[in-house]
Amino acid sequence: MHLDDYAALGRSELRVSPLALGTMTFDEGFNRRSRENQPEAVLARYLELGGNYLDTGNGAMKAGGQTVVGGYVAQNSIQRDRLVIAAKFNVERHGERPGRKAVIAGFEETLRRLRTDYLDLYWLNNWDIQAPLEEMLEALHDLVQSGKLRYFGISDTPAWKVAHAHLLSQSNGWAPFIGLQIEYSLAARLFEIELIPLARGLGLGVVSHSPLSGGLISGQYTRSNNAGARTGHAAQLAQRPDEQDLEIVDALFRVADELGTTTARVALAWAMARLGVSSTIIGVHTLEQLNDDIGALEVRLSPEQTATLDALTIPNPVIALPLPLQNAAPLCCVD
């Protein structure tokens with residue numbers, strides 16, 4: 001497989017690379033070792049190898065990534081129409097009403113940062129129960145009608161809300177969602193229970209993010225350095241590595257040894273091969289990290305190796321909703 005082995009995103013005309021380049025890591029505020037940050041070199045290498053999908057995230061949170069992408073594309077001889085440039089709008093706005101005005105204002109600011117007159121894909125992110133769904137869908141439809149937006153999708157949102165939005169769009173004759181973006185890794189498979197079947201049923205393309213679970217199953221953290229990991233980046237995330245993550249890493253090391261590759265590449269290969277996934281977002285700070293991740297395109301897991309990894313984290317439908325989704329659930333569904 002190569003970066004230019006494009007796949008259709010849902011029923012849209014967008015064709016995307018199997019690995020998307022997430023650019024929020026280009027923001028120097030995100031990278032404490034900013035001198036190691038090489039965004040222009042990373043962009044050049046990714047595009048040189050045939051990659052076309054740049055996921056620039058939420059510019060309201062980390063504007064630097066979108067600014068870097070906009071400047072690079074404008075200053076280099078790159079055909080804009082061969083790129084798929086995506087961004088996010090956070091629906092949960094910390095007290096600000098996330099209605100039509102906020103959607104359009106956020107979108108226009110994104111275009112300015114990216115120095116483009118249209119966006120290929122705009123994701124509504126982290127749904128909140130208080131958000132006026134009809135108003136936001138109509139605003140997105142109007143952006144599509146204006147020619148400034150080609151398509152939009154929805155990210156990290158419960159299945160019932162995605163289905164609700166789809167029904168509203170159908171009944172009002174509005175442009176529908178064409179994609180679903182979810183966290184998807186060996187350490188995060190809860191969404192397999194409802195969202196993946198929903199996406200297949202509605203014809204939505206699936207884009208996965210955090211395939212290495214924030215680096216926690218990349219091989220960087222092992223049993224031997226777990227104590228140190230809890231005081232570093234993992235501690236800041238207020239989550240793993242826990243015992244299950246360490247079991248995953250142990251298994252990834254075993255499979256990587258069998259294949260003569262790295263644990264990160266095995267984890268990425270597993271994520272890319274999941275049913276219904278069109279593209280998987282990677283986030284890197286350096287050219288070395290990019291080259292290592294792209295090596296995952298050459299990894300082929302045997303059915304036995306895939307089954308071994310699958311058995312480690314069979315999704316459990318009775319565990320609690322992830323925190324980002326609890327605000328989006330009806331009160332009667334949250335303990």
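In helix 4, the buried residues (under 20% relative accessible area, 1.4 Å probe, protein chains only) are L133, M136, L137, A139, L140, H141, L143 and V144. The model is predicted, so local features need pLDDT of at least 70 and side-chain atom pairs count only at pLDDT 80 or more, whereas totals for chains, interfaces and linings use all residues. Residues are numbered from 1 along each chain as its sequence is written, and side-chain values use heavy atoms, with hydrogens and water left out.

Helix 4 spans residues 133-146. Helices (H or I, at least four residues) and strands (E, at least two) are DSSP runs, numbered from the N terminus. Helix 4 holds 14 residues and reaches 20 Å from its first C-alpha to its last. This is close to the expected 20 Å; the expected span is 1.5 Å times one less than the number of residues. The buried residues of helix 4 pack against three strands and two helices, namely strand 5 (84-90), strand 6 (119-125), strand 7 (149-155), helix 3 (100-114) and helix 5 (159-172). Contact here means heavy atoms within 4.5 Å. G147 follows helix 4, and its phi is positive, near 90°.

Charged pairs were examined next. Side chains of opposite charge can pair when their charged atoms come close. A salt bridge is counted when a side-chain nitrogen of Lys or Arg lies within 4 Å of a carboxyl oxygen of Asp or Glu. By this rule the count is eleven salt bridges.

One of them joins D142 to R100, with the closest N and O atoms 2.9 Å apart. D142 lies in helix 4 and R100 in helix 3, so the pair ties together parts that are 42 residues apart in sequence. D142 is partly exposed, at 29% relative accessible area; partly exposed covers values between the buried limit of 20% and the exposed limit of 50%. R100 is also partly exposed, at 32%.

A salt bridge also forms between R150 and D120, where the closest N and O atoms are 3.0 Å apart. The pair links distant parts of the chain, with R150 in strand 7 and D120 in strand 6, 30 residues apart. R150 counts as partly exposed at 30% relative accessibility. D120, in contrast, is buried at 0%.

E192 and R189 meet in a salt bridge as well, at 3.0 Å from N to O. E192 is buried, with a relative accessible area of 17%. R189 is buried too, at 8%. Salt bridges with shared partners join R189, E192, R274 and D310 into one network.

Helix packing was described by axes, which are lines fitted to C-alpha atoms over the stretch in contact, with angles running from 0 to 180 degrees between N-to-C directions. Helix 5 and helix 6 (residues 195-202) pack at about 20°, with axes 10 Å apart. The two helices are therefore roughly parallel, a class for angles under 35 degrees. Their crossing is right-handed, meaning that the near helix is turned clockwise from the far one by less than a right angle. A159, V162, A163 and H166 of helix 5 meet L195, L198 and L202 of helix 6.

Helix 1 (residues 39-48) and helix 2 (residues 63-75) have axes that come within 10 Å and cross at roughly 60°. That makes helix 1 oblique to helix 2; oblique covers angles that are not under 35, over 145 or from 65 to 115 degrees. Helix 1 passes helix 2 in a right-handed crossing. P39, E40, L43, A44 and L47 of helix 1 make the contact with V68, V69 and Y72 of helix 2.
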